[in-house]
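Thanks for making time this morning. I would like to take you through one model, beginning with its charged side chains and then moving on to its strands and its open and enclosed spaces.

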Amino acid sequence: MKRFDKQTVVVTGGGGGIGGATCKRFGAEGAQVAVFDLNLEAAEAVAAAIRADGGQAQAFRCDITQRDSVNTAVAACEAQLGPIAVLVNNAGWDIFKPFTKTEPLQWDKLIAINLIGALHMHHAVLPGMAARKAGRIVNISSDAARVGSSGEAVYAACKGGLVAFSKTIAREHARHGITVNVVCPGPT
């Protein structure tokens, strides 16, 4: 028996990079992996690689910045794979510019992807976890949240917000058997 046998695991931004590697590892551990990504082709490639290695995976197009897209993807995932046991909020995006060289439209996109997207995912998945009194959430933040990072002011602010949000959600849902953890990778 593997650690995540028959458990449905959602990974946002699962179509590549850290998300793709996370999906593949969960697949190797027996999870039914839901690869959520804005780029469906990339998500399908990761899901196909998991299946080729003997795992179970489905790709879902999901724009985490749009609540309707999140609701649709979560509903489709649960209909096909069952209740979500683990949520990994990994999707992220950044630009590298000194703050004074950025523009408000860039801030909007950074905040939508790096903070609002995770809020949408939590809001869609947490009620089911709370009702089942079980669940695991891992939020991928950044070392920039802890120490700052030149050229990444708004990104760092979003990732710092995700750390504080995660601590609060962990407190609110500990009584429901839900754990919330944050991983803060450095340059990857």
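Which side chain meets that of Arg25 in a salt bridge? It is the side chain of Glu29, with an N to O distance of 3.4 Å. Before I go further, please keep in mind that this is a predicted model, so everything I say about distances and angles is computed from predicted coordinates.

Glu29 has a second partner, because its side chain also meets that of Arg3 in a salt bridge, here at 3.5 Å from N to O. Glu29 sits in the loop between helix H1, residues 17-28, and strand E2, residues 32-37, while Arg3 belongs to the segment before strand E1, residues 8-12, so this pair ties together parts that lie 26 residues apart in sequence. The two ends of that pair also differ in their surroundings: Glu29 is buried, at a relative accessible area of 16%, whereas Arg3 is exposed, at 59%. Taken together, Arg3, Arg25 and Glu29 are linked in a network of salt bridges.

A search of the whole structure finds three salt bridges, and the one I have not yet mentioned is that between Arg146 and Asp143, whose closest N and O atoms are 2.5 Å apart. Both residues are in helix H5, which covers residues 143-147, and, being three residues apart there, they are separated by about one helical turn. Arg146 is exposed, with a relative accessible area of 58%, and Asp143 is partly exposed, with a value of 23%. As a general remark, side chains of opposite charge can pair when their charged atoms come close.

Let me turn to the strands. Strand E4, residues 84-89, and strand E5, residues 135-140, run parallel and are joined by four bridges; within this pairing, Leu87 has Ile137 of E5 as its bridge partner. The connection between these strands deserves a moment, since E4, helix H4 (residues 104-132) and E5 make up a β-α-β unit that is right-handed. E5 is also paired with strand E6, residues 178-183, again in the parallel sense and over six bridges, and there the bridge partner of Arg136 is Thr179 in E6.

The loop between H4 and E5 holds a backbone detail, for this is the place of Lys133, whose phi is near 55°, a positive value in a residue other than glycine. Lys133 is exposed, with a relative accessible area of 55%. A positive phi is found in Lys6 as well, near 65° and again in a residue other than glycine; Lys6 lies in the segment before E1 and is exposed, at a relative accessible area of 67%.

Now to the spaces in the model, starting with the open ones. What is the volume of the largest pocket? It comes to about 770 Å³, and of the 36 residues that line this pocket, Asn90, Ala91, Gly92, Trp93 and Tyr155 are the closest to its centre. H1, E2, H5 and helix H6, residues 153-173, each supply at least two residues of its lining. By class, the lining of the largest pocket divides into 15 nonpolar, 15 polar and six charged residues.

As for enclosed spaces, the structure holds two cavities of 30 Å³ or more. The largest cavity has a volume of about 50 Å³, and its lining includes Asp94, Phe99, Leu110, Glu152 and Tyr155. Which element gives the largest share of that lining? The answer is H6, with three residues, and the lining as a whole has seven nonpolar, two polar and three charged residues.

The second largest cavity also has a volume given as about 50 Å³, and among the residues lining it are Thr12, Asn90, Ala91, Asn114 and Lys159. H4 and H6 each supply at least two residues of this lining, and H4 gives the most, with four. By class, the second cavity has five nonpolar residues, five polar ones and one charged.

One link between these spaces is worth pointing out on the screen: Asn90 and Ala91, listed among the residues closest to the centre of the largest pocket, also line the second largest cavity, while Tyr155, in that central group too, lines the largest cavity.

Key:
Residues are numbered from 1 along each chain as its sequence is written. This is a predicted model: local features need pLDDT of at least 70, side-chain atom pairs count only at pLDDT 80 or more; totals for chains, interfaces and linings use all residues. Side-chain values use heavy atoms; hydrogens and water are left out. A salt bridge is a side-chain nitrogen of Lys or Arg within 4 Å of a carboxyl oxygen of Asp or Glu. Buried means under 20% relative accessible area, exposed over 50%, partly exposed in between (1.4 Å probe, protein chains only). On a 1 Å grid over the protein atoms alone, a cavity is a set of points where a 1.4 Å probe fits but cannot get out, and a pocket is an open set with protein on both sides within 12 Å along at least five of seven lines; lining residues have an atom within 4 Å of a point. Grid points are joined across faces, edges and corners, and a volume is the space filled by probe spheres set on the points. Ala, Val, Leu, Ile, Met, Phe, Trp, Tyr, Cys and Pro count as nonpolar, Asp, Glu, Lys and Arg as charged, and the others, Gly among them, as polar. Two strands pair if DSSP finds at least two bridges between them. A crossover is right-handed if, with the strands pointing away from the viewer, the path from the first strand over the helix to the second runs clockwise.
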